[in-house]
Amino acid sequence: MTNTLLILPGDGIGPEVMAEVHRIIDWYGTKRDLKFDVTEDLVGGAAYDAHGKPLSDATMAKAQEVDAVLLGAVGGPQYDKLDFSLKPERGLLRLRKEMDLFANLRPAQCFDALADFSSLKRDVVSGLDIMIVRELTSGIYFGEPRGIIEEGGQRVGLNTQRYTEAEIDRVARSAFELARKRGNKVCSMEKANVMESGILWREVVQKVHDESYPDVELSHMYADAGGMQLCRWPKQFDVILTDNLFGDLLSDVAAMLTGSLGMLPSASLGAPMENGRPKAMYEPVHGSAPDIAGQGKANPIACILSFAMALRYSFDEGAEATRLEKAVEKVLADGVRTADLMGAEGGTPVSTSRMGDAILAA
Ligand code: ATP
Ligand code: MG
């Protein structure tokens, strides 16, 4: 099977961090004989500058075809005054929507060398490696009816939490598939004690488990208790499966367990394609960081770890993903730091490309 990859560096620090991923892809081709058929294209402000749209139809069509999309970041202050439909972020939203990427994967991984950056104590987070699977295309952010309505002489803000069996079923399958490639454990979080959608969520997740993934260890937890447990002893979890709203909250909590924004990768997965691989887009959690763009200061690790996720979840190269993650871990243990990772102890930060050099060497 060929490995097709669409790279969309985007705006701001996007192209800078992506340059380091290009070097890693070349390394895999020459040193490990692992080849990728790479196409590069524009998204966001860069696409708007070139053809007046944040994502061209041709780029959209290409994204639907490839095994994986790797995106840098979009946006910047120079695009703030554009019409809503032309804003760089619309390019990203169009990709997510048209590819129907319903499972958002946010790992919270804490490298030992950075454990003191966490909001929690070192022993609570050191070696942490959990994955939050958040349903991304339904739930209270999209449910109808919604709006601000008039009722009894006052205004009422209205949103509807709504999940169909099919929507729960498909995201549950993503979580169980992932768990099999990791620690083989899923904890599903909802509020079945007070929400109908939570009752259905729990029931469907259990059914998918019993019918298709009995080998995976499954537990259920109320989402509020889950938030508490995430702060108390996060290492008890492997994969956390949750809905759009709770996932939004819980993944931000989990991010703070690990420290810097420059370290956090993500993936958004959709339905399996004909070749069995899921529709997929990988991107760092951070934005285009206009404040440091063009200065060679950005930390490329979030983008590099996003590529590691692509290796594992799109290209079935789990061992190579681990190799790359171990290289990142070694470099951090050796004390190599971009500016965002400088702690109180001080020292001299390295540039984006020096960080890339160190990871390649490792
Ligand atoms: P967005 O709306 O796109 O999420 P944002 O302003 O919320 O943008 P970022 O663009 O991620 O967030 O920037 C937030 C802060 O983190 C900035 O000060 C930025 O310089 C810093 N930052 C973000 N990513 C990195 C990185 N990879 N390396 C170093 N610093 C970073
Ligand atoms: Mg932001």
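**Notes on the predicted model**

1. Let's start with the ligand. The shell around ligand 1 splits into seven nonpolar, six polar and two charged residues. There are 15 residues around ligand 1, and the ones that come nearest are G262, H286, G287, A289 and N299. Bear in mind that this is a predicted model.

2. Next, the sheet. It is open and built from 10 strands, and if you walk across it you meet them in the order β2-β1-β3-β12-β11-β4-β5-β10-β8-β9, with mixed pairing. The edges belong to β2 (37-40) and β9 (217-222); each has a single partner strand, so one side of each has no neighbour in the sheet. From one strand to the next, the twist averages 20 degrees. As a reminder, strands of a sheet pair through backbone hydrogen bonds, and they can do so parallel or antiparallel.

3. How do β8 and β9 run relative to each other, parallel or antiparallel? They are parallel, and six bridges join β8 (residues 185-190) to β9. If you want a residue pair to look for here, try C187, whose bridge partner in β9 is S219.

4. Which strands does helix α1 lie across? The helix covers residues 14-31 and lies across β1 (4-10), β2, β3 (68-73) and β12 (278-284). Against β3, α1 runs at about 140 degrees.

5. Now the helix pairs, beginning with α10 (residues 301-313) and α11 (residues 318-333). Their axes are 7 Å apart and the packing angle is about 160 degrees. Angles over 145 degrees count as roughly antiparallel, so that is what α10 is to α11. The crossing is left-handed. On the α10 side the contact uses I301, I304, L305, A308, L311 and R312, and on the α11 side G318, E320, A321, L324, E325 and V328. By class, that contact has eight nonpolar residues, one polar and three charged.

6. The pair α6 (residues 165-180) and α7 (residues 196-212) makes another crossing. Here the axes come within 9 Å and cross at roughly 50 degrees, which makes α6 oblique to α7. This crossing is right-handed. From α6, the contact residues are E165, I168, D169, A172, R173 and F176, and they are met by L200, W201, V204, V205, V208 and H209 of α7. The class count for α6 with α7 is eight nonpolar, one polar and three charged.

7. What is the angle between α8 and α9? About 10 degrees, with the axes of α8 (residues 223-232) and α9 (residues 244-258) lying 10 Å apart. Since angles under 35 degrees count as roughly parallel, α8 is roughly parallel to α9. The α8 residues A223, G226, G227, L230 and C231 meet F246, L249, L250, V253 and A254 of α9. No charged residues take part in this contact, which has eight nonpolar and two polar ones.

8. Finally, two backbone details to look at. Most residues other than glycine have a negative phi, and most peptide bonds are trans. The bond from E144 to P145, however, is cis, with omega near 0 degrees. P145 sits in the loop that links β5 (129-135) and β6 (147-151). The other one is N184, which is not a glycine yet has a positive phi of about 65 degrees. You'll find N184 in the loop between α6 and β8.

Key: Residues numbered from 1 in each chain as written. Chains lettered and ligands numbered in written order. Predicted model: local features only at pLDDT ≥ 70, side-chain atom pairs only at ≥ 80, totals over all residues. Near = placed C-beta within 6 Å. Nonpolar A, V, L, I, M, F, W, Y, C, P; charged D, E, K, R; others polar. Pairing = 2+ DSSP bridges. Helix = DSSP H or I, 4+ residues; strand = E, 2+ residues; numbered from the N terminus. Axes fitted to C-alpha atoms, helices over the stretch in contact; angles between N-to-C directions. Contact = placed C-beta atoms within 7 Å. Parallel < 35°, antiparallel > 145°, perpendicular 65-115°, else oblique. Left-handed = near helix turned anticlockwise from the far one by under 90°.
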